[in-house]
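Here are some notes on the model you passed along, arranged as numbered points. Please read them with the coordinates open beside you.

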Amino acid sequence: MKYNPNQIEAKWQKYWADNQTFAASNASDKPKYYVLDMFPYPSGAGLHVGHPLGYIASDIYARFKRHQGFNVLHPQGYDSFGLPAEQYAIQTGQHPDKTTKENIARYREQLDKIGFSFDWSREVRTSNADYYKHTQWIFIQLFNSWYNKTSDKAEDISTLITEFEQNGNANVNAVCDDNIEAFSAATWNAFSSEQQQKILLQYRLTYLAETEVNWCPALGTVLANDEIVNGVSERGGHPVIRKKMTQWSMRISAYAERLLQGLDTIDWSESIKESQRNWIGKSVGAMVTFNLQPTTYNPQPGAIEVFTTRPDTIFGVTFMTLAPEHELVAQITTAEQKDAVAAYIEKTAKRSERERMADVKTISGVFTGAYAEHPFTKEPIPVWIGDYVLAGYGTGAVMAVPCGDERDYAFANFFKGENGMPAIKNIFVLDSDLFPQEAFGSKDRIHSN
């Protein structure tokens, strides 16, 4: 029997569409199963080979589960809102509403011809107001909430205002900005409305903050790491730099423990769960303060705060590294090192955080000219900047322990005092007589590489 694909495919695809064959029922006794694909961005070029490559695999699985007797929800949609739609409209000189709808129609035609078993009654378009009104609603809920650490949940901002009005902020246990000044109820009630709103912004789950972002001057927008390839924008190949800008941020870290515990209750593979744990990124450790040594040009330099998951390695610290974007860099860099530091910061600004994290082979850094003081030995510790330290992780500063960290060791081994720079010790033998036993733990302990 001769197979005529045009005739047979058209016949059955029409039957599926007319009879809603693949629509999931809201009232079914069958066990439920959810098969979700990544929604494509509908470009003017139509589908590329990567789209059906992924969709075919998930569609096979959706059909398999239907044959097993499951009520399968297998929807499709379009990630049609944002920079790609804007840029395509600019390039073609058309309104994005028109071009996006035309591109979606083209995608739908191609997806139907392939014969996927999508439930099109559940179609999602992120550019439609009936979709993004929900994301706007979520933002409003977050803005009008604060996280109460005592009850371990988000509460309406009105409850915090009531607490301020009656008792001030002395007894408030919240996830909030650091170094908030204490105030009484009388002081709060005497504040102007503007002052009160500025304080509330320090407690809200969404707040404005200076954040390091990927800025593309040519496109006039901030880009995600995924939208940058080899230091330039994926769309147009324009230069991208790291820049501090005022952005809306969220106190998502308040939910870290709840998210981690929730992973134990879902039926996912351990590898996926581990990747989620890494994404959540909760770390347990301690804050350590390293006072900076005063100089004639900077008699009160302050201190460097470091978050470490291994406070027990503090006796092995031989140098410190700050992220190039760290706010202290400009304050502590000496006149002799100013040009070298500025050049390094400019170079680093052209690399995304993802690129810096992934590049474990390239070793680079610049000495600031400043020294910190070891909290126990009181020895001077040279302060460097290096792009392997990220401003957004911890405090943007690390206490480098070459004898306990491979990357610190590589950095120390690379910079051995050439060109007048201070040599970084990459082998540290601890003389236990220098430290009190209660701090050290054991007189027999030696840190070496």
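**Notes on the predicted model**

1. On one side of helix α12, K338, D339, E346 and K347 are exposed, whereas V341, Y344 and T348 of this helix, which spans residues 338-348, are buried. Viewed down the axis of α12, the buried residues fall within an arc of 65°, so they line one face of the helix. As with everything below, this is read from a predicted model.

2. The cover over the buried residues of α12 includes β12 (241-250), α11 (329-332), α13 (353-358), β16 (366-373) and β17 (380-385). With respect to the strands, α12 lies across β16 and β17, and its direction makes an angle of about 110° with β16.

3. The sheet to which β16 and β17 belong is open and has four strands in the order β16-β17-β15-β18, with mixed pairing. Its edge strands are β16 and β18 (397-400), each of which pairs on one side only, and the twist from one strand to the next averages 25°.

4. The mixed character of that sheet can be followed through β17. Strand β15 (residues 319-322) pairs with β17 in the parallel sense over three bridges, and T321 stands opposite W384 of β17. The pairing of β16 with β17, by contrast, is antiparallel and runs over five bridges, with P380 in β17 as the bridge partner of E373. Five of the six residues of β17 are buried, so this strand is largely enclosed by the rest of the structure.

5. A second helix also packs on this sheet: α14 (residues 406-414) lies across β15, β17 and β18, running at about 105° to β15.

6. The connection between β16 and β17 deserves a look at its backbone, since the two strands form a hairpin with six residues between them. Within this loop sits K378, a residue other than glycine whose phi is nonetheless positive, near 65°. K378 is partly exposed, with a relative accessible area of 47%.

7. A comparable check applies to N179, where phi is near 60°, again a positive value in a residue other than glycine. N179 lies in the loop between β7 (174-175) and α7 (185-190), and, at 79% relative accessibility, it counts as exposed.

8. Which residues have the most contacts inside the largest nonpolar core? That core has 34 residues, and the ones in question are F290, I304 and L322. Leaving aside residues up to four places away in sequence, I304 touches V288, T289, F290, L292, M320, L322, L328, V383 and A397. A second, separate core consists of eleven residues, among them W146, I157, A174 and I199. As background to both, nonpolar side chains in soluble globular proteins tend to be buried together.

9. The model also contains an open sheet of three strands, in the order β9-β8-β12 and with antiparallel pairing. In this sheet β9 (221-223) and β12 stand at the edges, each with a single partner strand, so one side of each is left without a neighbour in the sheet. The twist here averages 55° from one strand to the next.

10. Within the three-stranded sheet, β8 (residues 206-216) and β12 are paired in the antiparallel sense over ten bridges, and W215 stands opposite I241 in β12. Helix α5 (residues 129-143) lies across β8 and β12, and it runs at about 75° to β12.

11. Helix α4 (residues 96-114) has 19 residues and reaches 27 Å from its first C-alpha to its last, which is close to the 27 Å expected at 1.5 Å a residue. Its buried residues are T99, T100, N103, I104, Y107, Q110 and L111. Seen down the axis of α4, these fall within an arc of 130°, so they line one face of the helix.

12. What covers the buried residues of α4 includes α2 (50-67), β3 (77-78), α3 (83-92) and β4 (124-125). The helix is followed by G115, which has a positive phi near 90°.

Key
Residues numbered from 1 in each chain as written. Predicted model: local features only at pLDDT ≥ 70, side-chain atom pairs only at ≥ 80, totals over all residues. Heavy atoms only, no water. Expected span 1.5 Å × (residues − 1). Buried < 20%, exposed > 50% of the residue type's maximum accessible area, 1.4 Å probe, protein only. Arc of directions from axis to C-beta. Contact = heavy atoms within 4.5 Å. Core = buried A, V, L, I, M, F, W, Y, C linked by side-chain atoms within 4.5 Å. Pairing = 2+ DSSP bridges. Axes fitted to C-alpha atoms, helices over the stretch in contact; angles between N-to-C directions.
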